[in-house]
Amino acid sequence: KRLPCAIFGAVRSAVSVPTAIISGIRGYPQFSALSTSDKLDDKIQYPYFGRTDVAEGGQAISVLNLYIKWGVKRVAVVHVDDDFGNSFITGFRRVAELYAPDMTIKSFELPYNPSPEQIEETVQLLKKTQFRYINARISSSANEPLLKKAYEEGIAGNGLYNWILDSGKVTIHNAVALRGSPRHQYFNGIIDTGINRGSAEGGTAGFKALEKGLKSLLDDSRDLEYVKSFLPPPFQESFGAAEGFLEGPMSGSSHAAPIYDAVIAAGLAACNVTSTKGLPATESELSGQDLFATFAQMGFDGVTGRVDFDPITGSRSPSSAIYHLLNYVEDEERSNKTHVVFKEEVPAFMIDGEWRENAPITFNDGTSEVISDLFPVDVNTNYLSPGMRAGGLVMCVLVLLQALGFSAWTLKLARMSGPASRVVKASQPLFLYIICAGAFIMGSSIIPLSVDSGTCGESGAGCDVACASFPW
């Protein structure tokens, strides 16, 4: 009886986690192309798990670098409450502490299949943050219900907020909406980030070859039906639609590319084991431990680009991956006056840790301008009105004139003789002069108090002088 040498899959980390425990106990390596939970790097629990995708914690650096490039310091994250989502937020906080310690991150959890009540509660919490950049790492089926509720609450689709999704392609690419409808508003300008599967900068040689090979299935309907026969019935009809390789160019988000690399990596590892140990070509048994160890030490040029592995965890090294930014905008060629069809554009790639734009990014407000991460604070400066300032200066003049007038009156009567002068002399002219001087100084203080930024302009030099002169 021929036994398998490895197990491939799964897509969701929540599925790979339990199966990797069992496969490890049985001694079978398990290689995934799409499960990204950091938990799977634990070699005590999952001794033979490897992947051609980057662990979620490693992918978080691409999102962080994007926010750093935009100057964003406040981010709200809503993530699915499973191994995938929890790994992302943990990794995101970890890299933020290292590279953006002044960034504020507020996170909220959603189940994989959230109820309307749970979505409403999460939207209310997002709204309270007043953060204008929201990152959603949730199930693709929950994307639109969350965006719809966010639109109703005024935190999506109005040009005042920017949303970044993890699986926007499934929801938005080729989606149709009535022009001007809520769906049109909240889908427009959505951003999606992830690992590019080989299409970056014209595509790798392997990506082009795989795309050509898959398209060749259309040359003979029997070939296509034969490949479909290996799939479960629910997936046979949709085969190729999500990948795009049967009707047009293969998507940079294609699942086919990393899965192909996973199979090839396992095959190369098996070849290396047999050649190293000198096993005959007919030898059918491979040690799972040897196969995984060889897999983790490998490096090769695959469909998705250079593929290097962490020799301890067996996960793809983050530095060997290329990341892309997907932007969902109106497809003007397929849209009309009443309906909007959305398409996927790829305006930026992150290569060697740096985001490089090859086209403008369209945000939800329809522009390429990066908005601030908080709303501008509406400050009431309470500047003096012209009438108030004029009234104060008039009172100032009256006080000064009266102080001078009474000083002159005191001086005059102090030099005269008669009943009036005796009253002034009895009241001590020096004391009366001091009262007049105090009234004069008090009245003159109205002058610097009447100066504010409304009269000094942007320089503020006059305000500094007025403020310093008041105590004197």
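These legends accompany close-up views of a predicted model.

**View 1. The largest nonpolar core and its best-connected residues.** Welcome to a core of 32 residues, the largest nonpolar one in the model. Leu-64, Tyr-67, Trp-70, Phe-92, Met-103 and Leu-325 have the most contacts inside this core. Two or more residues come from each of helix H2 (56-70), strand S4 (74-80), helix H3 (83-99), strand S9 (190-195), strand S12 (323-330) and strand S13 (339-351). The most generous contributor is H2, which gives 7 residues.

**View 2. Phe-92 and its contacts.** Let us zoom in on Phe-92, one of the residues with the most contacts inside the largest nonpolar core. Neighbours within four places in sequence are set aside here, and Phe-92 then touches Ala-60, Val-63, Leu-64, Tyr-67, Val-75, Val-77, Met-103 and Ile-105. Apart from the largest core lies another core, made of 30 residues. Val-123, Ala-175, Ala-177 and Phe-187 are among the residues of that other core.

**View 3. A cluster of aromatic rings.** Altogether, 15 aromatic pairs are found in the structure. Follow the ring pairs here and you will see Tyr-67, Trp-70, Phe-88, Phe-92, Tyr-133 and Phe-363 linked into a cluster. Tyr-67, Trp-70 and Phe-92 may look familiar, as they are also among the residues with the most contacts inside the largest nonpolar core.

**View 4. A stacked pair joining distant parts of the chain.** Phe-31 and Phe-295 make a stacked aromatic pair, with 4.1 Å from centre to centre and 20° between the planes. Phe-31 belongs to strand S2 (residues 30-32) and Phe-295 to helix H12 (residues 288-296), so placed that the two partners are 264 residues apart. Both of these phenylalanines are buried.

**View 5. An edge-to-face pair with exposed partners.** Here Tyr-226 meets Phe-230 in an edge-to-face arrangement, their centres 5.0 Å apart and their planes at 90°. Are these two rings buried or exposed? Tyr-226 counts as exposed because its relative accessible area is 53%, and exposed means over 50%. Phe-230 is likewise exposed, at 60%.

**View 6. The largest cavity and its lining.** A search of the whole structure turns up 1 cavity of 30 Å³ or more. The largest cavity holds about 50 Å³ of space. Around this space you can pick out Ala-156, Gly-157, Tyr-161, Asn-162, Trp-163, Tyr-186, Asn-188, Gly-189, Ile-190 and Asn-364. The lining is made up of 5 nonpolar and 5 polar residues, with no charged ones.

Notes: Residues are numbered from 1 along each chain as its sequence is written. This is a predicted model: local features need pLDDT of at least 70, side-chain atom pairs count only at pLDDT 80 or more; totals for chains, interfaces and linings use all residues. Side-chain values use heavy atoms; hydrogens and water are left out. On a 1 Å grid over the protein atoms alone, a cavity is a set of points where a 1.4 Å probe fits but cannot get out, and a pocket is an open set with protein on both sides within 12 Å along at least five of seven lines; lining residues have an atom within 4 Å of a point. Grid points are joined across faces, edges and corners, and a volume is the space filled by probe spheres set on the points. Ala, Val, Leu, Ile, Met, Phe, Trp, Tyr, Cys and Pro count as nonpolar, Asp, Glu, Lys and Arg as charged, and the others, Gly among them, as polar. A nonpolar core is a set of buried Ala, Val, Leu, Ile, Met, Phe, Trp, Tyr and Cys residues joined through side-chain atoms within 4.5 Å. Buried means under 20% relative accessible area, exposed over 50%, partly exposed in between (1.4 Å probe, protein chains only). Helices (H or I, at least four residues) and strands (E, at least two) are DSSP runs, numbered from the N terminus. Contact means heavy atoms within 4.5 Å. Rings of Phe, Tyr and Trp (its six-membered ring) pair if their centres lie within 6.5 Å; planes under 30 degrees apart count as stacked, over 60 as edge-to-face and the rest as tilted.
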